[in-house]
Amino acid sequence: MARILGGIGTSHVPAIGAAIARGVQNEPYWQPFFAGYPAARAWLERVRPDLVVLVYNDHGLNFFLDKMPTFAVGAAPEYRNADEGWGLPTLGPYRGHAGFSWHLIESLVEDEFDITTCQEMLVDHAFTVPMSLLWPEGSVAPPVVPIAVNTVQHPLPKPSRCFALGRAVGRAIASYPDDIGVVVIGTGGLSHQLDGERAGYINREFDLLCLRALAAEPEVLTRLTILDLVRLAGTQGVELIMWLVMRGALQEKVRTVHSHYHIPVSNTAAGLLVLDNAA
Amino acid sequence: MSTARVRRRPDPIPGTYIFDGEMAQKGYALNKMCYSFNEARNRQAFLADEDAYCRRYGLTNEQREAVRSRDVLEMLAAGGNIYYLAKLAGIFGWNVQDIGAQQTGMSREEFDAKLAAARVRRAS
């Protein structure tokens, strides 16, 4: 049976991808951010996942307002990236795992999560940037099964629902018959707001609370509403819900392997959290 | 009845636009145009003839005026969603700090300083 090795929460800001493309990771602006990642890569090298489930939000590459699924699961043999309009190099393609995807889909629907299934799905920076951070050029990433969560158009799925989805993802992994190790990644955040007169909003205290609570008592965060999250973390800080899906997939007690926090990366507070499922 | 709670408009958060069903309907044409800018040839077509491109997507007068004046707050008020607007901003060579500075009425340097200050400052 498949085992869940652990989970990672990470920022996915496009500017990180641009910095990697320009090779400026050691410049003073970027060094404190990138310094967080060797520890995450060392953990991945130790646990050696055979498969990644990556939970992210599409920012208008694959989905438009004509059809906006709340939760969408990739069921493709591979995932392509494409031009998002502002100059990031196109990366990939990324290997998928259609067999696991369909197992996940069957299991989620049986669990009453009536998700959208995608045999073609372009993945944007929220997928590619974390992959570049965790499997830099020269390393071989395991196959990835993406889950996209709507954070574009309200109503967004509630934090409690995202956590429950994570629980269902965890059950799906545990019931997969092959003996493989799986890491679940949630991308986005932490606090930031791009739009409105409140643009540039960052909430360090709340972010640090989130990093602690995600490990020890995620229920604290699942009691928040989406509007609470907008108020506390900014309009795009709601991306914490992807981290809650990740956390939900893990067991109740986890061990924090690594936690990193840096302000600012672009308009955001950047976070990284590595949780090992063997508490 | 539980429907009242579902229909209730959210409490406003100052300086914050909740992109809900009402905004998604209002902003559809503008956002659809911005979504088209994922493709380089569409970005070029916009630059070649902005008026014709906006007409092709059926922008409302309010949306056309907001785009003409390059005013992000006006675009948001006209139903624009920031994720799609960011693709339009890319055509103008703006990144999200430039957009932040414009919306907050700050210079780019002031806005960058505001972000950096969040390292030590309490959220406000």
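Two residues are in contact if their C-beta atoms, placed from the backbone, lie within 7 Å. Keep that in mind as we walk through this structure, which is a predicted model.

**The cores**

Let's start with one residue of chain A. Which residues does A:Val169 touch, leaving aside its neighbours within four places in sequence? Its contacts are A:Val53, A:Leu104, A:Val184, A:Val245 and A:Ala249. A:Val169 also ranks among the residues with the most contacts inside the largest nonpolar core, along with A:Val53, A:Val55, A:Val184, A:Leu240, A:Ile241 and A:Val245. This core has 92 residues. Helix α10 of chain A, residues 240–249, gives the most to it, with eight residues. There is also a second, separate core of 33 residues, and B:Met33, B:Val67, B:Ile82 and B:Ile99 are among its members. A general tendency is worth remembering here: in soluble globular proteins, nonpolar side chains tend to be buried together.

**Two helices that cross**

Now look at helix α1 (residues 14–22) and helix α5 (residues 125–134) of chain A. Their axes come within 9 Å and cross at roughly 45 degrees. The two helices are therefore oblique to each other, and α1(A) passes α5(A) in a left-handed crossing. Which residues meet there? From α1(A) come A:Pro14, A:Ile16, A:Gly17 and A:Ile20, and they meet A:His125, A:Thr128, A:Val129, A:Ser132 and A:Leu133 of α5(A). Sorted by type, the residues of this contact are five nonpolar, four polar and no charged.

**Backbone details in the loops**

Four spots in the loops of chain A are worth finding by eye. The table gives the backbone angle for each.

| Place | Feature | Angle |
|---|---|---|
| A:Gly92 to A:Pro93 | cis peptide bond | omega near 5 degrees |
| A:Gly189 to A:Leu190 | cis peptide bond | omega about -15 degrees |
| A:Glu112 | positive phi | phi near 70 degrees |
| A:Ser266 | positive phi | phi near 55 degrees |

To locate the cis bonds, look for A:Pro93 in the loop between β4 (78–79) and β5 (94–95), and for A:Leu190 in the loop between β8 (181–187) and α7 (204–216).

The other two residues have positive phi values without being glycine, as is the case for A:Glu112 and for A:Ser266. A:Glu112 sits in the loop between α4 (98–110) and β6 (116–118). Is A:Glu112 buried or exposed? A residue with 12 or fewer other C-beta atoms within 10 Å counts as exposed, and A:Glu112 has 8, so it is exposed. A:Ser266, in the loop between β9 (255–265) and β10 (268–276), has 19 C-beta neighbours inside 10 Å and therefore counts as partly exposed.

**Chain B and its meeting with chain A**

What secondary structure does chain B have? It comes to 10 helices and zero strands. The C-alpha atoms of chain B fill a box of roughly 50 × 45 × 20 Å along the principal axes. Of its 124 residues, 38% are buried. Among the contacts in chain B between residues at least 6 apart in sequence, 56% join residues at least 24 apart.

Finally, how many residues take part where the two chains touch? Chain A brings 36 residues and chain B brings 41 residues. On the side of chain A, α7, α9 (226–233) and β9 each supply at least two residues. The residues on that side divide into 16 nonpolar, 12 polar and eight charged.

Notes: Residues are numbered from 1 along each chain as its sequence is written. Chains are lettered from A and ligands numbered from 1 in the order in which they are written. This is a predicted model: local features need pLDDT of at least 70, side-chain atom pairs count only at pLDDT 80 or more; totals for chains, interfaces and linings use all residues. A nonpolar core is a set of buried Ala, Val, Leu, Ile, Met, Phe, Trp, Tyr and Cys residues joined through C-beta atoms within 7 Å. A residue is buried if 20 or more other C-beta atoms lie within 10 Å of its own, exposed if 12 or fewer, and partly exposed in between; C-beta atoms are placed from the backbone. Helices (H or I, at least four residues) and strands (E, at least two) are DSSP runs, numbered from the N terminus. Axes are lines fitted to C-alpha atoms, for helices over the stretch in contact, and angles run from 0 to 180 degrees between N-to-C directions. Angles under 35 degrees count as roughly parallel, over 145 as roughly antiparallel, 65 to 115 as roughly perpendicular and the rest as oblique. A crossing is left-handed if the near helix is turned anticlockwise from the far one by less than a right angle, and right-handed if clockwise. Ala, Val, Leu, Ile, Met, Phe, Trp, Tyr, Cys and Pro count as nonpolar, Asp, Glu, Lys and Arg as charged, and the others, Gly among them, as polar.
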